[in-house]
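Hi everyone, thanks for squeezing me in. I'll put the structure on the screen and walk you through a few spots in it.

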Amino acid sequence: MGVKTKLFYEDIKPFFDIKSLQETKDGESHTVYILDNDYILKIYEEENLFNIDAEIELLNYTKKLCVPKVIKANIFIKGKRGLVFSKAKGESVVEFVKSTHLEQIGQFLSSFHKMTKNKKHDNLSSFGKSQLKVMIEKTANKAFKEEFDCLKIELKNDGIIHGDLFLDNATFCEDKLTCVFDFSDACEGDFIFDLAVVALSWCSNKEEINILLNAYDRDIKLDDFIVYLRYASLYYCVKRHLTNRDYDNIIFKNKFIDLI
């Protein structure tokens, strides 16, 4: 996506005495820079749409997990608020996902959900059926509506979910999970939907989904999980359609042929 707010050394100097400032293409909604290869500076575009203090509270609450550590919380640059986080070692595994990656991300999400079960968040669920129905109406897309009408699913409010744990929101170093980040979309929601978002991005077939499910909770049955996976696929297809982004690679019937 690229940066939306262009920064220079003099913009950072009041907060950090840095030697290097590196732009990234990370983040669809915000501007992200790497500082001295040790820190991440995130500038929140359209701050009114995101509860930054709630994100800070959540990260501090789950700090025993491999999540970013908040280094500086009150930075204002060019009229926008920013946060500085610790930068984990490693890279995202966007090219080749191994079974060990699936196992570790499933275990992370299980631990995260155990910590956030029944916990309240200032952001209520933005992934619910009523919100999705409104989004679909905006698209006037017949295929979206037909898929929505076919899905028999009732989403629960289990606690706080990540909501956007796609491949590019986690890093690994030598195949070991080092960090899960970007909790801007975190809200109260359904834990199994949260897991389905991971499956949508990280898995390509039934075997990989079963690895993920077993790592998260061995009691979850694949047949029961499929409806959540279809819902997650529909939600993100609609979201990407509305923002003029390609979504062919996350259409359920295209990606998970062996589940049909």
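Let's go straight to the second largest pocket, which has a volume of about 300 Å³. This is a predicted model, by the way, so keep that in mind throughout.

Who lines the second largest pocket? From the earlier part of the chain we get Asn141, Ala143, Phe144 and Glu147. Then come Arg230, Ser233, Leu234 and Cys237, and finally Tyr247, Ile251, Phe252 and Lys253. Sorted by class, that lining has 7 nonpolar, 2 polar and 3 charged residues.

And which helix gives the most to that lining? That would be α8, with 4 residues. Three helices each supply at least two lining residues: α5, residues 142–150, α8, residues 222–242, and α9, residues 252–255. If you look at the numbers along α8, the spacing of the lining residues will look familiar: Arg230, Ser233, Leu234 and Cys237. As a reminder, an α-helix has 3.6 residues a turn, so residues three or four places apart point the same way.

Okay, zooming out for a moment. The protein has 9 helices and 9 strands. Its C-alpha trace spans about 55 × 40 × 35 Å along the principal axes. How does the radius of gyration fit? For 260 residues, a compact globule would come in near 18 Å, and the protein has 19 Å, so that agrees.

Buried residues make up 49% of the 260. The contacts reach a long way along the chain, too: of those with a separation of 6 or more, 70% are between residues 24 or more positions apart. As for the surface, the protein exposes about 13500 Å², and carbon and sulfur atoms supply 48% of that.

Now for a helix with plenty of buried residues. In α2, residues 52–61, the buried ones are Ile52, Ala54, Glu55, Ile56, Leu58 and Leu59. Yes, there's a glutamate in that list, Glu55. What do the buried residues of α2 pack against? They pack against strands β3 (39–43), β4 (70–77), β5 (80–86) and β6 (159–161), plus helix α3 (99–116).

Just ahead of that helix sits Asn51, in the loop between β3 and α2. Asn51 counts as partly exposed, because its relative accessibility is 25%. Beyond its neighbours up to four places away in sequence, Asn51 touches Asp122 and Asn123. Asn51 and Asp122 are 71 residues apart in sequence, yet their C-alphas are 7.5 Å apart.

Let's move to the start of the chain. Leu7 lies in the segment before α1, which is residues 9–12. Is Leu7 buried or exposed? Its relative accessibility is 3%, so it counts as buried. Setting aside residues up to four places away, Leu7 touches Ile12, Leu21, Tyr33, Leu41, Ile43, Ile77 and Lys78. For a sense of distance, Leu7 and Ile250 are 243 residues apart in sequence and 34 Å apart in space, C-alpha to C-alpha.

Lys78, one of those Leu7 partners, deserves a second look. Lys78 has a positive phi of about 55° although it isn't a glycine. Where is it? In the loop between β4 and β5. And Lys78 is partly exposed, because its relative accessible area is 49%; the cut-off for exposed is over 50%.

Asp36 is another one to check in the backbone: again a positive phi of about 55°, and again not a glycine. Asp36 lies in the loop between β2 (31–35) and β3. With a relative accessible area of 24%, Asp36 is partly exposed.

Last stop, two threonines. Thr178 lies in strand β8, residues 176–180. At 23% relative accessibility, Thr178 counts as partly exposed. Which residues does Thr178 contact, leaving aside neighbours within four places in sequence? Cys66, Ala88, Lys89, Thr171, Phe172 and Cys173. Thr178 and Pro68 are 110 residues apart in sequence, with 9.6 Å between their C-alphas.

The other threonine is Thr100, which is found in helix α3. Thr100 counts as partly exposed at 24% relative accessibility. Its C-alpha is separated by 7.2 Å from that of Asp175, 75 residues away along the chain.

That's my tour, so please shout if you'd like to go back to any of those spots.

Conventions:
Residues are numbered from 1 along each chain as its sequence is written. This is a predicted model: local features need pLDDT of at least 70, side-chain atom pairs count only at pLDDT 80 or more; totals for chains, interfaces and linings use all residues. Side-chain values use heavy atoms; hydrogens and water are left out. On a 1 Å grid over the protein atoms alone, a cavity is a set of points where a 1.4 Å probe fits but cannot get out, and a pocket is an open set with protein on both sides within 12 Å along at least five of seven lines; lining residues have an atom within 4 Å of a point. Grid points are joined across faces, edges and corners, and a volume is the space filled by probe spheres set on the points. Ala, Val, Leu, Ile, Met, Phe, Trp, Tyr, Cys and Pro count as nonpolar, Asp, Glu, Lys and Arg as charged, and the others, Gly among them, as polar. The radius of gyration is taken over C-alpha atoms; the globule rule is 2.2 Å times the number of residues to the power 0.38. Buried means under 20% relative accessible area, exposed over 50%, partly exposed in between (1.4 Å probe, protein chains only). Contact means heavy atoms within 4.5 Å. Accessible areas come from the Shrake-Rupley method with a 1.4 Å probe; for residues, only the protein chains shown count as cover.
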